[in-house]
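Here's a quick tour of charges and strands in a protein model. Have the viewer open and follow along.

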Amino acid sequence: MGETSVRVERESTWTYPVTETIGITVSNVPESGLYVASTEPPDMLQDVSITARTQTTGDLSFQFVPPSEIGPGIHTGAMAFAFCIDSACEMPIEGSPFEISLTYVVNAPVEPFYPEQEQAPVPPPQMKLEPLGVFPHDVVDARYSDALNGLVIVGNQPGPGLYLYSPAMELLASLELGAPVDELELTPDQTRAVVRTDRSFTLVQLANDSGEPDLRVLASRQIGSASVVFDAVIDDDAVIYAVGDIEDGGARLFRLPLRSLGLQSVEVSFHLESVTLDSRVNRLILSPTSTSGVTGRLIFDISDGQMALLRETVSDFFGLCGPLYPIEGRLALAAFCGATAIYSDDPYDALIYDGTLRNPVYREPLVLGAQWVSLSQSGAGEPIVAVQQHLGVGCASQDNTNCASYLTVMDADHLGLIQDFRIPDRQVDGQPQPQRALKVFHTADGSGGLLLSRLLGDVDETTAFALGAFSLGGLTPNPPFEPDPGTYHEPVYSDTYAPLPVTDRRFMSHNVVSGAQSRALELVLLASDFPANALHVYSRDLAQHWTVSLVKQPISLEVSEDGLTAIVGHDARLSVIDLSQIITAQGSGASVVAVSTDAFNFGVDNSGRAFVVAEVDGVSSLRAIDLVTGNQAAAPQAFAEDGPIVVDDMQAAVYLANQHWVYKFDVSGSVPGAASTTNLTSSTEGARLIRLFELDDGQVMDAGGSLYSTSSDPAEDMARVLRLDLGRQDGLEFQVYSVDREAPQGDLVVMTQLGFECRGQIGPRGCSSRVIRYDGATLEQKQAWVVNPVVIDGKPFTQVPMAVFLDESREDLLLVSRLHGNRPPDGRYLFSEVTISETDVDPEYLKTAGTWRLQGFWRAADGAVNSWNWAP
């Protein structure tokens, strides 16, 4: 006997029997077999059994009464066992009898408790703003002239005027205007200004030939035929381009030279209230001013002095509404509503999605409700500094004291978030008063930034506006930690299955956005966005750890089928990492490929291509992207759906699903072919196509546990093989969130969660999660465990599993999970190592190895004997 005592400890709320097993070895078993007898079991036991594994080894199992029946306390007892040649057990073999002591500890239930709610996210730091002064007038509009290194402002109170200030807020010149102003624009060379009052335009010189400040009116004209003008810009030739309406004549684009006679107009097909002049490519872009209503745009070529329509897009990607701000160093534009776009190649007649300002996974400060009212850079390629204001019904007026604003700094090349800054209060008569950021500028020499702000609330307009100076210094990316998931409830312990048998836990110093593994290199990969955007690469035994910096927030993660390359999906970018170089210290970085979509869903094939659904020029289609060159090729037809993508290299096919349909694309050539479709939800009960998991041998699993086989035969393609029984609880079905299989036809490990319980908010039923192991050949359930809360320092923390990785050779699992509750950010994510050695016996094996036979005797107080016969 290797063990002579058994100790079991459980809480009294546990309603299932508890089984504990020890091993035994019997030598020199006679052909006639052996009788096994025991003393009477104590009351704490409800069953005792012996199971043979070979002719000489077996297991002795004790099944304890459910803790909920026996009640709290320490229950002790013992049983003696004898292996005998005769049924009366008067001839025991050597080493027999022997005694096993039993200790059964049943604890009273833990007092209901949930750790304190997670700490609120750390607010962004406050911008260090040096006050330069308060303007003695209001500010209707403002621009910065690099040519004069000065700030140009127009205002209406105490009277209409134009002002020129130095970066130190010294008033250099001013000019009285004859009527209230609506808008200010500078010529591209920034030496002249145009002031708009309704339909009238006044051209103002800002400096004389010597470069000295000199404000004087050069020309004035109006568009008399317009009933209204929405927006206007001016080029270096003092030509005004304006969008507006003609009464009873519809929407128009006007061309008005201020230094000569003439007025041209062209009819436009729909109302667009914003016009942008991009002098870099001689293009005019007409766009809406919000994401509601019309979402298209018009692009005009003005290179020859005419207004030639190049492109009319009726519907386009979300968020590209005016005004639009050129990004220096790239032929790209950032939009008032948050999207950014790059031009298609010459003739620059289309705008292609290039990302969303401040990352796509919306966290504080302003979530989705943001408008970008100003943007500035100190030079080409330098960080973007932008003013982000709250967009809401109550924020149309800047008098609303609940309207927040932030200064946000982003990487210019990829729009990766560097830092949000809160706007400091302004001291007024010794008291702090909240203010709202309006405009941000950089000085001409790039030495610093200027912030124009306004006090919130009902204040005198002639003392409401102020200017402050700031310096960014050497900022490093500082992304915010993920938000608190919300309402908390007591941790819930499930007794449906045994708890996951965790042998070791290890906390990570980072969070986890997505996980994957490379079996070829025995690596576990975790994409993270806190404390930095990075791919964390761990050896499978967790003994080694490498970190690869990423250009922006990761969204998704894939590994090539050969296991040598990791691809991280971002908003409008893919990062490609050679894993073999990372672990051999021959490389440390990622190459970046642009994609015209937020890469939540993508697939990778064996030839180095990624597949995404992307929108270009208002047309959405499946696109194949070369991960080395960045070259793209689109499927021939428009395709508006986006969903899970599975790449089948054996067929050279891509499967793409939405909630109802599966689309199959032939990708054997350089350009994806046309799609064929299958409506699974109409013919397959329980299909859940919100997630697809690619397995081996042409098999795919969906979130509902349905297993499909792929085939080149359309009649058999995506035929359902079976549906795993994932279970139900409280009327809800469990869904698959992670699947792993080590080898073709090997065992499957499936991590399930109850509906959407564990995503974003811990519901009133807690977070029910399970890990189930299925036989690879029969797909019958072999083992199942529940993922219960983790107790740290006596406090239970709800545990939400995120990914599970199987290693059958080690007989273990690696579970990645997150704890909820008042844990520090570097103590919320953890690895759990789980031993999964099987305890059940293959019945076919027992037929050849021998079995135990119950003879019908039991040695009790009256002298009767129950025994089991060991028969080879």
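## Salt bridges

R216 and D214 join their side chains in a salt bridge, with N to O at 2.9 Å. This is a predicted model, so keep that in mind throughout. At 44% relative accessible area, R216 is partly exposed, whereas D214 is buried at 18%. Searching the whole structure turns up 20 salt bridges. Some residues link up into a network: D141, R143, E185 and K439 are connected this way by salt bridges.

Another pair is D354 and R330, whose side chains meet at 2.8 Å, N to O. D354 sits in strand β28 (residues 351-356) and R330 in the loop between β25 (324-327) and β26 (332-335), so this salt bridge ties together parts 24 residues apart in sequence. How much of each is accessible? D354 is buried, with a relative accessible area of 2%, and R330 is buried too, at 18%.

## An open sheet and its link

Next up is an open sheet of six strands, running β38-β64-β63-β62-β61-β60 with mixed pairing. Its edge strands, β38 (498-499) and β60 (728-729), each pair on one side only. Inside that order, β61 (residues 732-741) and β62 (residues 748-754) pair in the antiparallel sense over seven bridges. If you want a spot to check the register, S738 stands opposite M751 in β62.

A salt bridge shows up here as well: D747 and K782 have their closest N and O atoms 2.9 Å apart. D747 is in the loop between β61 and β62, while K782 belongs to strand β64 (residues 781-786), and the pair links distant parts of the chain, 35 residues apart. D747 is buried, at 7% relative accessible area, but K782 is partly exposed at 24%.

## A hairpin and a negative patch

Strand β44 (residues 556-559) holds E558, and β44 pairs with β45 (residues 565-569) in the antiparallel sense over four bridges. V559 stands opposite A566 in β45. Five residues lie between the strands of this hairpin, and G563 takes a positive phi near 75°.

Which residues form the negative surface patch? They are E558, E561, D562 and E694. E558 is partly exposed, with a relative accessible area of 32%. Patch members need over 30%, so E558 makes the cut at 32%.

## A loop contact

Finally, look at D411, in the loop between β31 (405-410) and β32 (417-422). D411 is partly exposed, at 21% relative accessible area. The C-alpha atoms of D411 and I384 are 6.2 Å apart, with their positions 27 residues apart along the chain.

Technical notes:
Residues numbered from 1 in each chain as written. Predicted model: local features only at pLDDT ≥ 70, side-chain atom pairs only at ≥ 80, totals over all residues. Heavy atoms only, no water. Patch = residues over 30% accessible without salt bridge, like charges linked within 9 Å, V, L, I, M, F, W, Y side chains within 5 Å. Areas by Shrake-Rupley, 256 points an atom, 1.4 Å probe, with all protein chains shown as cover. Salt bridge = Lys/Arg side-chain N within 4 Å of Asp/Glu carboxyl O. Lys, Arg positive; Asp, Glu negative; His and termini not counted. Charge placed at Lys NZ, Arg CZ, Asp CG, Glu CD. Helix = DSSP H or I, 4+ residues; strand = E, 2+ residues; numbered from the N terminus. Buried < 20%, exposed > 50% of the residue type's maximum accessible area, 1.4 Å probe, protein only. Pairing = 2+ DSSP bridges.
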